[in-house]
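Visitor: I've got a model open and I'd like to walk through it with someone. Mind if I fire off some questions?

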Amino acid sequence: MEEMQASDGRTMYYGKDDVFVYRTYARPLTVRPIPESTWTGEDGVIFAHRITFAAGGDAFFSSFAEGDNARIVATDSMKNFILRQAAAYDGATTEGLLAALGRRFLDTYAHVGEVKLSAERLPFEPALLSGADGPAPSGLVYRASRGERLRAELTLTRIADGSASLAAQESGLSELRLIKVSGSSFQGFIRDAYTTLPDSADRPLHIELDVGWRYADPEDALDAERGRYVAAAQVRDLAQQVFHARHSPSIQHLIWQIGLQLLRRFAQLEEVRFTSANRTWEAVVEPDEGGRAVYTEPRPPYGFQGLSMTRADLRREEERR
């Protein structure tokens with residue numbers, strides 16, 4: 001979570017971390033289909049999150065400088081507020097839940113100048129039961145998933161008329177792990193006295209990927225009924241599709257190509273961001289003619305990459321073609 005500042009520019013905030021919220025029977029989420037994914041929604045039966053909540057504003061200066069707690073909302077009260085207000089949320093998106101919590105908190109505590117909220121969605125997948133027509137979701141039994149996770153972060157600031165304004169929004173997908181066993185390379189880089197890495201014309205490529213995105217209109221993230229919500233599951237599937245379809249001369253170029261396709265597919269997005277890490281396996285037995293090989297975990301340290309892209313990058317790419 002980025003730092004929050006008081007009006008004099010100093011960093012000043014406090015809050016509550018690791019608030020686990022297991023809400024049942026939220027509104028189902030439905031999104032438009034895209035060619036790269038079969039995912040079109042979820043039932044909302046288990047709507048679970050790990051939330052971080054922070055409050056800031058000049059009113060809290062006396063608590064730091066003088067030990068005066070008269071204007072402090074205890075972090076235990078913040079936890080209870082989040083848990084109780086989660087029951088009142090009538091939407092289907094994580095971003096909408098955070099916005100509802102933040103606006104309600106600012107409405108309740110008029111001296112608070114700003115709130116920043118982040119959440120990690122805790123995924124639960126329906127158990128499939130056998131039946132006469134084949135496997136079908138239980139609707140009652142779910143299993144916790146240990147895969148990649150949706151994340152979201154919002155900042156709401158009190159403006160001159162006293163209302164809450166959405167100052168910042170970012171959604172994202174964390175800890176996506178992908179391995180492509182063939183069709184990636186890394187060669188043509190600078191070779192000098194410090195170089196020991198050999199060129200590789202075809203290598204297994206194992207990456208860890210975090211993807212973030214910002215909407216041109218942040219309200220599209222808050223209300224799925226607008227029909228412009230970008231689902232993390234569809235972002236995951238699109239990334240997999242690009243990885244499969246394209247030769248990857250580097251991780252840098254791979255995330256560039258994923259970013260271009262995300263911007264093409266989702267016109268409502270203004271920006272996409274990537275943080276990636278190279279976890280490519282170390283070969284123990286080199287591949288034979290049939291591609292059979294043995295690998296082990298890579299030794300640290302690890303390479304990493306970071307990239308942000310906007311619609312201007314997509315326009316330049318289309319013009320170049």
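## A walk through the model

Guide: Let's start with one residue: L176 is buried, at a relative accessible area of 1%. Keep in mind that this is a predicted model.

Visitor: Okay, so which strand is L176 found in?
Guide: We know L176 is buried. Leaving out residues up to four places away in sequence, L176 touches E148, I207, E208, L209, R236 and A239. The strand that holds L176 covers residues 164-186, and that's β9.

Visitor: How far apart are the C-alpha atoms of L176 and L98?
Guide: Along the chain, L176 and L98 are 78 residues apart. In space, their C-alpha atoms are separated by 23 Å.

Visitor: In what order do the strands of the open sheet run?
Guide: There are 8 strands in this open sheet, and the pairing is antiparallel. β1 (14-24) and β14 (304-310) each have a single partner strand, so one side of each has no neighbour in the sheet. Neighbouring strands are turned by 20 degrees against each other on average, direction ignored. The order is β1-β4-β5-β8-β9-β10-β11-β14.

Visitor: Let's zoom in on β10 and β11. Which residue is the bridge partner of G212?
Guide: Strand β10 takes in residues 200-215 and strand β11 residues 269-278, and the two pair in the antiparallel sense over 9 bridges. G212 has its bridge partner in β11, and that partner is R273.

Visitor: What packs on that part of the sheet, and at what angle does helix α7 run to β14?
Guide: Helix α6 (residues 251-265) lies across β10, β11 and β14, and runs at about 155 degrees to β11. Helix α7 (residues 311-320) packs on the sheet as well, touching β11 and β14. The direction of α7 makes an angle with that of β14 of about 80 degrees.

Visitor: E317 has a charged side chain. Is E317 buried or exposed?
Guide: E317 has its place in helix α7. Leaving aside neighbours within four places in sequence, E317 is in contact with W256, L260 and R264. The relative accessibility of E317 is 8%, and the cut-off is under 20%, so E317 counts as buried.

Visitor: Now the helix pair. How is α2 placed relative to α3: parallel, perpendicular or oblique?
Guide: The axes of α2 (residues 75-86) and α3 (residues 94-108) come within 10 Å and cross at roughly 120 degrees. That angle makes the placement of α2 relative to α3 oblique.

Visitor: Which hand does the crossing of α2 and α3 have, and how many nonpolar residues are in the contact?
Guide: As α2 passes α3, the crossing is right-handed. M78, F81, I82, Q85 and A86 in α2 meet L97, L101, R104, F105 and T108 in α3. By class, the contact has 2 polar and 1 charged residues, and the nonpolar ones number 7.

Visitor: And N80, how close does its C-alpha come to that of V19?
Guide: N80 lies in helix α2. With a relative accessible area of 33%, N80 is partly exposed. N80 and V19 are 61 residues apart in sequence, and their C-alpha atoms are 9.2 Å apart.

Visitor: Last one, for the whole chain: what share of the residues counts as buried?
Guide: The chain has 7 helices and 14 strands, and its C-alpha atoms fill a box of roughly 75 × 65 × 40 Å along the principal axes. Among contacts between residues at least 6 apart in sequence, 69% join residues at least 24 apart. Of the 321 residues, the buried share is 42%.

Technical notes:
Residues numbered from 1 in each chain as written. Predicted model: local features only at pLDDT ≥ 70, side-chain atom pairs only at ≥ 80, totals over all residues. Heavy atoms only, no water. Axes fitted to C-alpha atoms, helices over the stretch in contact; angles between N-to-C directions. Helix = DSSP H or I, 4+ residues; strand = E, 2+ residues; numbered from the N terminus. Parallel < 35°, antiparallel > 145°, perpendicular 65-115°, else oblique. Left-handed = near helix turned anticlockwise from the far one by under 90°. Contact = heavy atoms within 4.5 Å. Nonpolar A, V, L, I, M, F, W, Y, C, P; charged D, E, K, R; others polar. Pairing = 2+ DSSP bridges. Buried < 20%, exposed > 50% of the residue type's maximum accessible area, 1.4 Å probe, protein only.
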